[in-house]
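User: I would like a close look at one part of this protein, the disulfides, with a careful account of where the linked cysteines sit. Please then carry on to the strands and the pocket, as far as the model allows.

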Amino acid sequence: MRILRDLTEAEKYHLARNRCIANVCSSLRLYELLFFCVNKFYLLTKCEANKTCSSDLVLEGRVLHFPSEEGLDLNVVNRTSEVVLELTLTNKHEIAARIHLTVKIQRRIPFRFIEAVRESLLDFNSDKMLFINDCYTRGVSLMLLCSITCCAAYNVDVQSAVVHHGPNKTSFGYRAEFLIFDNGSTRLLVSAPRFKPENQKLSGKHFFCEPLKHDTCVEKTTIPFGRKQEKASQDFGEKGEMFGLTVTLINKSSALVCGPVWNDQSWYSNDFPVGRCQLIPPGTSSLSPLYNNSAHQYIGLVEVDGKKIVNLLNGFAQFGFSAAVDGDGDIVIGTPGFSLGKGSFGVLTLEGEEFDMNRNKSFDDEAYVNLGFAVTVGNFCGNVTVCFAVSNRMPNGKVYIVARKQPKVFDQIQLLQEFQDYSSYGSSLCSMDINGDGLSDLLVGAPTYSYHNNVSWSYDEGRVFVYLQLQGKLQREVILAGGSRMFARFGSAIGDIGDINQDSINDVAVGAPQEDEGVGAVYIYLGGSKGPSQSYSQRISGQLLKKGLLSFGTHISQPISNLSAYPAFAVGSPESDAVVVLRIRPIINARAYILTPASPVNSSNNLCPPNISIDRLTISGCLELKLCVNYSVSHARQQHDTVSFDLTFEIDTQTNRGWRRMHLYRGQGNPTVKSVRETVSVNSEQGHCQLYTAVMREKRINLNRFQPVKIEATFALNTTQVNEDNEDITPILNKDLPTNTLTELRFLLSCGENQTCRPDLVLSGNVLHVPSEEILNLNVVNITSEVVLNLSVTNKQETAYGIRLIVSIQGQIQFRAADGNYASSFSCDLPNNQEDNELDEGRTTLTCSSWSPLNQGNTLSVRLLFDGASVSLEASSPLIMFNVTSEPYDIVQNPEIEMSDNTILLESRKVIIADLHLEGSSDPHSLYIYPESDHTSLQGAHRLLVTNRGPSFMPSTHVIISLPYMDMEGRELLISHNVMVKHSDGAVDQCSFVDFFDAGMVMTTQSTVNPSTTLGSEGLTFGEVKASRRRRRQAGDEAHDNTTTKSGNGRQEAYLLDCMSYKCKAFKCRLPILQRHSQVEIDISLVLDKDALIFSSNIDTIMYLTKSKVEEPSSPFFYKWTEPRSTNVSTPIYYVRSRSKVSIWIIVGGVVGGLLVLVVIIVVLRRLGFFRRADKARLQRLKRESGFYSSRQQPQNSVSLFTEEESITDEKIEN
């Protein structure tokens, strides 16, 4: 790139607005140096006010493959050379001073290089971190190119590229063409239009180089001749002549070389760049038909804006600025400076050195449009003698198709134009037959074409517009874009390089000299019947050819076919004063094919070689297979008689390696293999065939009999053994021909002549939950661990070779495993987007396959195991639906007879089963009211113990408690009350008051009162307790149990104080989540107003009743209770009435009588010896301790001793 300095800010802004299109040397074609279209001078000021920049970066990207197969953006083997990660960073806010871009690459792929809008500001490290040090970056387009090599896409060889260098700063390599001299030698003619001669009499330099030897160029000099040249050659600036700016082949041995700004300075102070050309060789005569002795030929009347003025006419014509040869001795030459820059053209006849110039007809009336900027000759006009295309340099460019039907008569046949301003449309032209129809087609370059849409802009990418000759007119059919890289200037040069792939259609090379930050690149496009493909077949970057190359692709020469053994062409790199010679690699047209027995084959054919024995394999049959390879060579003058190929032969490629049904036998004692890799030498005339023996395994075949056995062979050139008489260039396989061959074999079936088995499958099944809750077949929380689908498939007809079970699951559940009676050949597959075997809550399909044959009458039993705990309680439904369908694995070869019995619908329901038990108690058990007591209130409490007996946890819910608090006449019954929940951790929650009717506590009166469980004390005393209190309590217990109690001859009733006869308050108490066997207590504290309790002569007991009811949780997973969970707690309140006193004598008589009865009982027991039994035992013990039994051997003393002992004992007893 060239950035021109010393410009004012206004000039920079103007250039930026005008897309930076400026020519360094006015109308000179040399380089057409473009400015970097950067707006640095005004973007840098964006953050200078507050010195704080807040950026907003947006990253976009895509992956490209160059070249790619038509319609497929894929990395195609033997075609794709570059995998390009194209990233675009856009800053939507203030300036981003430094950007870090991290690229994580999951798989191994060689990294090549980065190219970007500002590559000089990029740093790249080995950790795939990209730093953009560009504080004025508004939009940065990056390309990360990953490939083994960028230049091995097809058959232009870059390994053997020959680079020639010329003198520094001479633009050596700006033009180059091959010449074949009479002695048969070939030389490369290279121009150096900026060569600065030491002797002012020298008019320029050109060089002859040996094409295949580096830096073997010899300089040559030409001297202009003509009238007054003796004087002119002494004082005019020949270094500005630009001799060699145009080089055009006349024939294979000579070229026309021009210096379009050769000045006639014979008129002293006036410079007239009329231009000149010269034939090389012999280089002895100059052609300058516009040179003249009289100044009026240089200056004349020029029409500008409808007025004729005296100005430059021929004097600024720049004869030879462009030139093209028609092959019949006529040369079309452009004169873009003629008539004040309007430009023109003419036809030069070498034989008479006559120049027929278009002077009368003006194609463009506007000054400085430079018609004749580029020309090319082609058969665009039918049978017209001379037909050509010529372009101007208007902002959007025009290309005219012109026919010279007779001298001085030039007619416009067609006008071509694209409408993007400043695209440099027409800067380069190329006429060639790109579609093989025998007619000339036209390629027009627009090197500063810019791509932009609503998102991003990319300047000066360049385009080539391809016009095919259809129905007598040129019609645009294809647009070539190269790599679509900013500032590449793709289309600066277009060259017909001949038929490099030998498909009988010429191919084209397009230069992008400013790509890769000015290094340059050349793109190869292959011609086709519909024109060139929009995807290039090869990209040749100057970066990998030789270090230091610049502007590679500025010029592309015509090809030469007799250079060494291969065709070649040259590419100019003038900014580095170099030219590169590239040769075409010979193409190997190779083909392979496999010969097999007729399909289907018998898997038990007993055709194996004698004594074949293979460890661990049971062989049922063998097959003979043959792989053959042959080839031919294109682009090689020397025949390749023998070429080595690397062959890979693989069998049963679509089957998993561990289950392959066929193996390759490699000889006795050697293990069988799935594939063979070997190198073979192939003769070009005879070809080569290789024999292989395949062994078949019946058991594996039965697991997958319908899928054909695919046998595949691939081949590649063995470049290490390719020897072409020490040539330094290697052949390449034809990319348009496959490098593999594939064939299939099917197995013979036992299903009749039509080889179609028709089974009749019947599917049945059920769902089990393991373990389950008693008789409930449900997925119970905290109990069930597995949901099991028991499936059975019975075959009633012909053999089914493989069965597929399709389980469509509605709901979220995790799949664990599968087993069954064919477990070794049964497997299940989840969708690829499922992780950890977890199925989405939406409908998901689980596919299970059995490869074992299911014969008639046999049954396939399968158990599919799912994780019962994985069913989420957050799901919208507790049901998991299993829609199961069975079918033969191959429904085409193994069709089902009847599908109606192949589908069943099963379901699993997840439930929460919580047996909630309520146990209530009254504290105290009962209350008493005494008329003589001064107490005005009664205190008591009801307690509820709520227990979850499981088996699942109990979701959070509420208990509704009702308390009678007012009678129907408005008397308040409760002085105070409090309802609270006590948790196991000691925390206390108050229950909230709710509307009684909203709480749903209205209940019907029951005939009996449910007894409360007494857990508290026996009772509390209110006033003096009289002697009859126990009887009253017993009477109260009876009243509590039976609602009524007797009093005298009458029947006294217990009055029930509940919500039917009293107004009630309702409280809602929140129960926490209760795990199994967890408890929570609810306390109800009551203070009753004694005066509000009304007793009558028939009622001396009032039963105060509180009712409690548990709300069922609202979760859809909760298993509904068959009976409500409720309980009643009651406290009896007794009214103790006054009673008569009992006579004291009755009490005394009762006590005396009881004592007399006790004395009588004692006397009777003594007489019966009841009290002596214990004394007798003591006597025996004393005898043993005193030695009485041992002394009984002395009779004389025995009686006395016993008597004495007995007397002692009697005394003790009496005492």
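Analyst: What follows goes through the disulfides and then turns to strands, a pocket and a loop. The model is predicted, and everything below should be read as computed from that model.

The structure holds 8 disulfides, and three of them are described here in turn. In one of these, Cys-258 and Cys-277 are joined, with their sulfur atoms 2.0 Å apart. The link of Cys-258 and Cys-277 is right-handed, with 105 degrees about the S-S bond. Because Cys-258 belongs to strand β14 (residues 254-259) and Cys-277 to strand β17 (residues 276-280), this pair ties together parts that lie 19 residues apart in sequence. As for solvent, both Cys-258 and Cys-277 are buried.

Another disulfide is formed by Cys-628 and Cys-689, whose sulfur atoms are 2.0 Å apart, and this link is right-handed too, with 110 degrees about the S-S bond. Here Cys-628 lies in strand β43 (residues 621-634) and Cys-689 in strand β47 (residues 688-696), so the pair ties together parts that are 61 residues apart in sequence. The two partners can be taken one at a time with regard to exposure. Cys-628 has a relative accessibility of 3% and therefore counts as buried, given that buried means under 20% relative accessible area. Cys-689, with a relative accessible area of 42%, is partly exposed, because that class covers values between the 20% limit for buried and the 50% limit for exposed.

A further disulfide joins Cys-991 to Cys-1069, with an S to S distance of 1.9 Å, and with 115 degrees about the S-S bond the link is right-handed. This pair connects distant parts of the chain, 78 residues apart: Cys-991 is in the loop between β66 (988-990) and β67 (992-994), whereas Cys-1069 is in strand β70 (residues 1062-1071). Both Cys-991 and Cys-1069 are buried.

Turning to the strands, β9 (residues 176-180) pairs with β10 in the antiparallel sense over 5 bridges. Within this pairing, Ala-176 has Val-190 of β10 as its bridge partner. The two strands form a hairpin with 5 residues between them, and Gly-184 in the turn has a positive phi of about 90 degrees. Strand β10 (residues 186-191) is mostly covered, 5 of its 6 residues being buried. Besides β9, β10 also pairs with strand β11 (residues 205-209), in the antiparallel sense and over 4 bridges; there, Leu-188 stands opposite Cys-209 in β11.

Elsewhere in the chain there is an open sheet of 6 strands, with mixed pairing and the order β52-β60-β59-β54-β57-β56. Its edge strands are β52 (779-780) and β56 (826-829), each of which pairs on one side only. Inside that order, strand β54 (residues 800-810) and strand β59 (residues 879-888) pair in the antiparallel sense over 8 bridges, and Ile-806 has Thr-885 in β59 as its bridge partner. When reading such strands residue by residue, it helps to recall that in a regular strand the side chains alternate between the two faces of the sheet.

The second largest pocket holds about 1,000 Å³ of space. It is lined by 48 residues, of which Glu-177, Leu-429, Ile-494, His-555 and Ile-556 are the closest to its centre. The elements that give two or more residues to this lining are β13 (246-251), β21 (322-325), β25 (374-377), β29 (428-432), β35 (493-498) and β39 (555-556), and β13 gives the most, with 6 residues. By class, the lining of the second largest pocket divides into 22 nonpolar, 17 polar and 9 charged residues. A cysteine that can be noted separately is Cys-430, which counts as buried at 5% relative accessibility.

One loop residue completes the account. Pro-1124 lies in the loop between β72 (1099-1110) and β73 (1126-1135). Its relative accessible area is 58%, so Pro-1124 is exposed, the cut-off for that class being over 50%. The C-alpha atoms of Pro-1124 and Lys-1109 are separated by 7.5 Å, the two residues being 15 residues apart along the chain.

Methods: Residues numbered from 1 in each chain as written. Predicted model: local features only at pLDDT ≥ 70, side-chain atom pairs only at ≥ 80, totals over all residues. Heavy atoms only, no water. Pairing = 2+ DSSP bridges. Buried < 20%, exposed > 50% of the residue type's maximum accessible area, 1.4 Å probe, protein only. 1 Å grid on protein atoms, 1.4 Å probe; cavity = no way out; pocket = protein on both sides within 12 Å on 5 of 7 lines; lining within 4 Å. Points joined across faces, edges and corners; volume = space filled by probe spheres on them. Nonpolar A, V, L, I, M, F, W, Y, C, P; charged D, E, K, R; others polar. Disulfide = S-S within 2.5 Å.
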